[in-house]
Amino acid sequence: MIEQPAKKIRLVKKSPSGVISAAVYIGRLEKCTSSNSALQLLLRVAEHLHFDEDDLQVSIKKLMDYYSVEKESAVRVVVLTILGDIGCDFSSDVATLLDDVIALTRNEDSHKVIAQTLTTLLKLAKCINNPDTNMKLIDLAKKYLKDTSHSVKSKCLYLIGELLPLGDPSVPTTLHLINCYTHSQDARVRSAAYKTLIGLHERGLNLDFSLYRDICKSLNDDYEIVRQSALKLVWILAQRYPENKISLNNQGEEIRLVDDAFGLISNGVNDLSMHVRTQVGMCYAVINSPAPSSDTILKFTAGLVMGISMDAELWYSLRVHYGLSVILL
């Protein structure tokens, strides 16, 4: 006998007794004479988000109807935010609400509203955790990546990083797409692409060794948000591929990736950005095996603190002459 899968039960949050339903405020939207008054009303709804069960679907429809006629983008952003909150906290049919939001915003042209749409869709998708839905939203995000707004691009990359099924055949292609945006003209998009790669790593995806050289170049980026993210990725790859060989110069000399990464991370102590220097501290290498003398550790650490750059060749020289090796914590 085939065992039937357990049916998932979704609990619906009900309004506490004596609390006015948010449906009362939503019902007043049609009487608003200006976008500002509607915005104030919607902010009140967001603060007191309680519904009687019978009012829920009616309230969702009224919010969508109002969205369709509202011209002010800031108001539409708040409507989408409320729909996301309703879907996760009250609605028993999140999948339908998610499809309705996609249809509602299909012709949207405001960058702010599109960015909020992606945030709302991601929130709803996490509530149902359906692989087919996730792939549908990833495809939608890939289309929106063509948008000119850095905010929309960043939201798209974040959504892809959060929902991408790690075992899906499309993962290599999607990773290549994400990596392309590490070369974006906008530093915020470059940083978002690196953060997406970091997020995928934290979810359990093994990033490819071939990314290393490109990431190293970003350690010299003009913007600290890019350098900070790139620094963390160098640290991640050094942990994943510590024994892989890196060509040191044109003479064919090679160095372990973990040693090369250590030199690059050490150079970060000279960075003008406090945030980058803090990241260096978080990724800081420890001289471990074979254990050098305490005097060697003291001199080495003092050199870093005083701002002596530890490039790959200098670290390679230390490793060869003193037999030092490192691990990254």
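**Buried charges, helix packing and the nonpolar core**

Aspartate 259 and arginine 256 are both buried in this structure, which is a predicted model. The side chains of the two residues meet in a salt bridge, with a distance of 3.1 Å from N to O. The pair is part of a network, in which salt bridges with shared partners join Glu243, Arg256 and Asp259. In total, the structure holds 13 salt bridges.

A second salt bridge is formed by the side chains of arginine 213 and aspartate 260, at 3.9 Å from N to O. Arginine 213 belongs to helix 11 and aspartate 260 to helix 13, which covers residues 257-267, so this salt bridge ties together parts of the chain that are 47 residues apart in sequence. The two partners differ in exposure: arginine 213 is partly exposed, with a relative accessible area of 39%, whereas aspartate 260 is buried, with a relative accessible area of 4%. The value for aspartate 260 lies under the 20% cut-off, and this residue therefore counts as buried.

Arginine 188 forms a salt bridge with aspartate 186, and the closest N and O atoms of this pair are 3.0 Å apart. Arginine 188 has a relative accessibility of 44% and counts as partly exposed. Aspartate 186 also counts as partly exposed, because its relative accessibility is 22% and the buried class is confined to values under 20%.

Lysine 153 presents another case. This residue lies in helix 8, which runs over residues 150-163. Lysine 153 is buried but has no salt bridge. The nearest side chain of opposite charge is that of aspartate 147, at 5.9 Å; a salt bridge requires a distance within 4 Å, so this pair does not qualify. With neighbours up to four places away in sequence left aside, lysine 153 is in contact with Leu145, Lys146, Asp147, Thr148, Tyr181 and Val189. One of these, Val189, is among the buried residues of helix 10.

Helix 10 comprises the 16 residues 187-202. At 1.5 Å a residue these should span 22 Å, and the C-alpha atoms at the ends of helix 10 are 22 Å apart, which agrees. Helix 10 is mostly covered, with 12 of its 16 residues buried. Among the buried residues are Arg190, Tyr194, Thr196, Leu197, Ile198 and Leu200. The elements that cover the buried residues of helix 10 include helix 8, helix 9 (171-180), helix 11 (212-217) and helix 12 (224-240).

Helix 4 comprises 17 residues, 73-89, with an expected span of 24 Å; its end C-alpha atoms are 25 Å apart, which agrees. Of these 17 residues, 14 are buried, so helix 4 is largely enclosed by the rest of the structure.

The largest nonpolar core has 93 residues, and those with the most contacts inside it are Phe51, Leu63, Leu83, Ile86 and Leu137. At least three residues of this core come from each of domain 1 (19-91 + 115-128) and domain 2 (206-276). Leucine 63 touches Ile26, Leu29, Leu42, Val79, Ile82, Leu83 and Ile86, not counting residues up to four places away in sequence.

Two further buried positions were examined. Alanine 38 is found in helix 2, residues 35-47, and is buried, with a relative accessible area of 0%. Beyond neighbours within four places in sequence, alanine 38 is in contact with Leu29, Cys32 and Tyr66. The C-alpha atoms of alanine 38 and glutamate 70 are 9.3 Å apart, although the two residues are separated by 32 residues in sequence. Threonine 117 is located in helix 6, residues 111-128, and is buried, with a relative accessible area of 2%. With neighbours within four places again left aside, threonine 117 is in contact with Leu80, Val101 and Thr105.

Over the protein chain as a whole, 16 helices and 4 strands are present. Buried residues make up 48% of the 329 residues. Of the contacts with a separation of 6 or more, 68% are between residues 24 or more positions apart.

Note on methods
Residues numbered from 1 in each chain as written. Predicted model: local features only at pLDDT ≥ 70, side-chain atom pairs only at ≥ 80, totals over all residues. Heavy atoms only, no water. Core = buried A, V, L, I, M, F, W, Y, C linked by side-chain atoms within 4.5 Å. Buried < 20%, exposed > 50% of the residue type's maximum accessible area, 1.4 Å probe, protein only. Domains from an automatic or database assignment. Contact = heavy atoms within 4.5 Å. Helix = DSSP H or I, 4+ residues; strand = E, 2+ residues; numbered from the N terminus. Lys, Arg positive; Asp, Glu negative; His and termini not counted. Expected span 1.5 Å × (residues − 1).
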